Amino acid sequence: MSSEIVFRASGLGKVYRTGEVEVVALREVSLEIARGEFIVLLGPSGSGKSTLLNILGGLDAPSSGDVTFEDHRLTGASESELTRYRREHVGFVFQFYNLIPSLTVRENVALVTDIVEHPMDLDEAIARVGLQSRRDHFPAQLSGGEQQRVAIARAIVKNPQVLLCDEPTGALDYATGKLVLDVIERVNRDLRTTTVVITHNAAIAGMADRVIRLGDGCIQRIERNEKKISPAELSW
Amino acid sequence: MWSQSLTIALVVASGVGGFLTTLSAVDSLALARDHYYSQGRFADVFAVVKRAPDALVDSLRTIPGVADVQTTTEMPVRVEIEGLSDPIVGQIIGLDRRRPQRLNLVSLREGRAEVASMSPGPIRPDGALPAWVSESFAAAHGLKSGARLSALVNGRRRALEMAGVALSPEYIFAGLWGMPDQRGFGVFWVDHEALAAAYDMEGAFNRVAVKLAPGADQRAVIDSLQRRLAPYGGREAYGRADQVSHSMLQNEIKEQHVLGTVLPSIFLAVAAFLLNVVVSRLVVTQREQIAALKALGYPDRTIAGHFLKMVLAIVSLGLALGLALGDVLGLMFTRIYAEFFRFPSFEHYVAPSPVLISLAMTVGTAVLGTLSAIGATVRLAPAEAMRPPAPARYRRTLLERLGVTRISTSLRMILRNMERRPIRTGLSIGGIASAVAIMVMGNFFRDAIEFIVDTQFRLVMRSDVALWTFEVVPDRARLELLRLPGVKSVESNRFVPVTLVNGHRRERTVIRGYASVPELYRIIDVDWREILPAGEGLVLTDRLAEKLGLRAGDVVQAEVLEGRPRTLNLVVDATVREMMGLNAYMKREALNRALAEGDISTGFVLSLDAGAEPALLAATRQLPHVAGAFSKANMIRNMQEVTARNIRLMSTILTLFASVIAIGVVYNGARIALSERTWELASLRVLGFTRAEVSGLLLGEMAISIAVAIPVGMVLGYGLVHLIAVLLRSDQFAFPVVILPRTYALAAICVMAAGLGSALVVRRRIDGLDMVAALKTRE
């Protein structure tokens, strides 16, 4: 594995203010993520993992500290710079798929190919998630697992450098969840896409190169898996 | 939510305001009319006779159905104000010092009356005739008591000394030929004796006013009256419907009633739709709370009541604003009316009934809009209501199913969203289209007036000046006129009042005898084609022919209402579609032949060299036979002075109201779409769509709705104008359906501006979308 660093975060802090109450979501988080790495962020609710993912994905800005992606400084970037960053470099997969209900599978994926410069072939992206036969279906005609696979196809079709997945199996049953993880794992392996997956399911940690455990807004422990296991071997 | 509530409240306010403005103004007008008619003992039937002896009055009183009779002597005169070359037509009316007025009571507004006699008083030692002057004329010329005017009384110039300002129920509206002309027409009440002496009318009268007994048959009274007046040169007898001032008043009331009912209905329908959409969305977002309340045991009624209270608060605000607006605008309209229609007392009056109707309509609108929106949700079982609603189902658009596939993804999303809710999309488009239609209608009146002026004063009346004589004159008088300075050409006319009779149908009109090939006074139809009186027969306005049941080729009887009673049998040669009047045309020579009276005329139309008008008008004052003159340029100026301003005011108000609708529909539509699709739009922002791209998706839907609504609204506007024209159509007048391109363009621009304004506000909200929140919830 190459040791080229894509993400560098140092001293990240995030404080949310709601009314008079201050909630500290992240405190002094520093980490580096290398190209092609598969990272799993583990932690209970409120541990700060989503906040960290959102900051890495350019969806949120830290209250303190610094974060860079390659040579882009994300802290202090303008709204339009962050939009361009997400558009060109980041693929997102979310717990609730966030598909556009009025578009078919193919059209949902095409939505992204329309706005990026060097996308993957549309049908190849759909084939990678195994939905060739469902390409003309609308989201409402698909199962949850199928919808999540469309979301993955949509995320990878732009050939992103980073794939950020927030609880991708959270809304799926066991078998479907494994299927989705398999797709994510293949994307990471075949396309060498740096992948960060958030989960509170510790069993998934086995797939990762490194597992970052968060708690109370801090990194509590970072573990490196000497031997990754395939999604098929996972069980929970 | 407050901005949406406000826009809905404003739409309600526009509806209620429009309703109350017109109806309160019209109610005030009708109330002032009724009050003045009864206080001023306004007559029911009017008759004109050449010269009948006072002794005949007793005989007239015995006509069955007659409650009271008043006779007067009245004469049309030419009036001059020093330093003013405009021709002025005056109606000079004698008031008898010895006999109190019985009908059409003249009320003195300011000035002096001969004590206990109610007359301006006898001739002054210097020969001046004291006169009370009609209020609108005095006001238009700024005349004060003591002012001197001169009038051509029976060929002799007499000084009139203004002794006061007066009003009469007969002249509430003052103008010539139904056109408002307060400068060019005035009424002058003078002492009867002096007037009678000047016209050799001592012991005689030439006007009769009749008050009918309750339940009397007006038609029968008119017939008897005509029969008894015939030997004395009875000319015409008619009811209130044909009395100029009354019919103008009635037309105005009818017109405003139509506008005041049709337009507010559109506003309230749009308000009902908006309430429905907004409440539906609110119900969807509060679905879980509703379910929780139901689970806790709240009855459906209480839950529905909660939403109803909220909606009623919105419409109450609208109602309150509307009532205030209606009161202010109604007062403004009443003041404008007060310039046209003169009453001794004319107050703005808001009757309880339009207020109660407004209340009922707005509450009805609210209840209807709300109940239809919350019905389905309230009926759901609590457990079911607690689950999120089933995901929206989409399909390919009609366009795609028809094979059009080269559509961009964003356009596809927009079209599929619109097609998924066809009723809402349709109503949105309908709402915006109705705004366009109202704007088209608001500005149509300006187009119509311009068209009428253009038709009447450029195409029909190509002459500059018209003159008419006291009595018929030999046509050679035309040659005399030709010799006057600046006269280019002269055409003679002969006008004869008649009653046209076909079987049991009768219509009073004037046969207008024109030159064989008229150049200066022509017959032009609504499509601006010239109609020439061809043979020896008549050309009738289509409405007149319709009323009489006549078609080209039929024969009609014409009972002549002047001179010796006679009946002519005339052939209807053709009919003509005209905007104004119930007219009958003939060649003057043919008319003279039919009457066997030789080559005579009653009027002349003249075309003049540029700038020659003042000199020509001055010269005609020296001609003893000329009873009056009419200047086209003055008429247009006097008419436009008032009319143009009022039409502009009305167009502005309607345009503003329509903009409120447009903003209400567009803004609410966009806000609802935003609230429904926040999740989707935020997801797109996460994927890297820029703010502009995301806004384009949402506002694109709005743009398409507006783009579709504008042509639909134009067609609707055309239809609405047609409807209004039909509803306003009277015997005397058919509004031309003429809409100029600028009116369509203005409506389109206003709606686009309303759309753009709404878009800017919504765009700010799109920019503030919370992406992170969208990822954490499931739509």
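## Confidence

Within chain A, confidence peaks in β4(A), at 95, and is lowest in helix α6 (residues 174-191) of chain A, at a mean of 87. Those figures are pLDDT, the predictor's confidence in each residue, from 0 to 100. Helices (H or I, at least four residues) and strands (E, at least two) are DSSP runs, numbered from the N terminus. Chain A as a whole has a mean pLDDT of 90, with 99% of its residues at 70 or more.

This is a predicted model, in which local features need pLDDT of at least 70 and side-chain atom pairs count only at pLDDT 80 or more, while totals for chains, interfaces and linings use all residues. As for labels, residues are numbered from 1 along each chain as its sequence is written, and chains are lettered from A and ligands numbered from 1 in the order in which they are written.

## Chain A overall

Chain A is built from six helices and 10 strands. Its C-alpha trace spans about 50 × 40 × 40 Å along the principal axes. The radius of gyration is 17 Å, which agrees with the value near 18 Å for a compact globule of 236 residues. That radius is taken over C-alpha atoms, and the globule rule is 2.2 Å times the number of residues to the power 0.38.

Buried residues come to 50% of the 236 in chain A. Here a residue is buried if 20 or more other C-beta atoms lie within 10 Å of its own, exposed if 12 or fewer, and partly exposed in between, with C-beta atoms placed from the backbone. Of the contacts in chain A with a separation of 6 or more, 70% link residues 24 or more positions apart. A contact means that the C-beta atoms of two residues, placed from the backbone, lie within 7 Å.

## A four-stranded sheet in chain A

Chain A has an open sheet of four strands in the order β2-β1-β4-β5, with antiparallel pairing. β2 (21-34) and β5 (72-73) of chain A stand at the edges with a single partner strand each, so one side of each has no neighbour in the sheet. Pairing takes at least two bridges found by DSSP between two strands. Strand β4 (residues 64-69) of chain A has two bridges to β5(A), and the two run antiparallel; F69(A) has H72(A) as its bridge partner there.

Edge strand β2 of chain A also holds E28(A), whose phi is near 50°, a positive value in a residue other than glycine. E28(A) counts as partly exposed because it has 13 C-beta neighbours inside 10 Å.

## Where the chains meet

The contact between the chains involves 24 residues of chain A and 20 residues of chain B. On the chain A side, α2 (79-89) and α3 (105-113) each supply at least two residues. That side divides into 13 nonpolar, five polar and six charged residues. For those classes, Ala, Val, Leu, Ile, Met, Phe, Trp, Tyr, Cys and Pro count as nonpolar, Asp, Glu, Lys and Arg as charged, and the others, Gly among them, as polar.

Take α2(A): its buried residues are T83(A), R86(A), R87(A) and H89(A). They pack against β4, β6 (90-93) and β7 (162-166) of chain A, together with α18 (632-686) of chain B.

## L122(A) and its surroundings

L122(A) sits in helix α4 (residues 122-128) of chain A. It counts as partly exposed, with 17 C-beta neighbours inside 10 Å. Setting aside neighbours within four places in sequence, L122(A) is in contact with R106(A), V109(A), A110(A), T113(A) and V157(A).

## Chain B

Chain B has 21 helices and 24 strands, and its C-alpha trace spans about 100 × 60 × 55 Å along the principal axes. Of its 779 residues, 47% count as buried. Residues 24 or more positions apart make up 84% of its contacts with a separation of 6 or more.

An automatic or database domain assignment gives the bounds: domain 1 (76-196), domain 2 (421-462 + 633-779) and domain 3 (487-608). The centres of domain 1 and domain 3 of chain B, taken over C-alpha atoms, are 33 Å apart.

## Strands and a loop in chain B

Strand β21 (residues 566-576) of chain B runs parallel to strand β19 (residues 538-541) of chain B, joined by four bridges, with V539(B) opposite A574(B). Strand β20 (residues 555-560) of chain B pairs with β21(B) in the antiparallel sense over six bridges, and Q557(B) stands opposite N569(B). The hairpin of β20(B) and β21(B) has five residues between the strands, and G563(B) takes a positive phi near 65° in it.

N104(B) lies in the loop between β4 (88-95) and β5 (107-111) of chain B. Its phi is near 45°, a positive value in a residue other than glycine. N104(B) is buried, with 21 other C-beta atoms within 10 Å.
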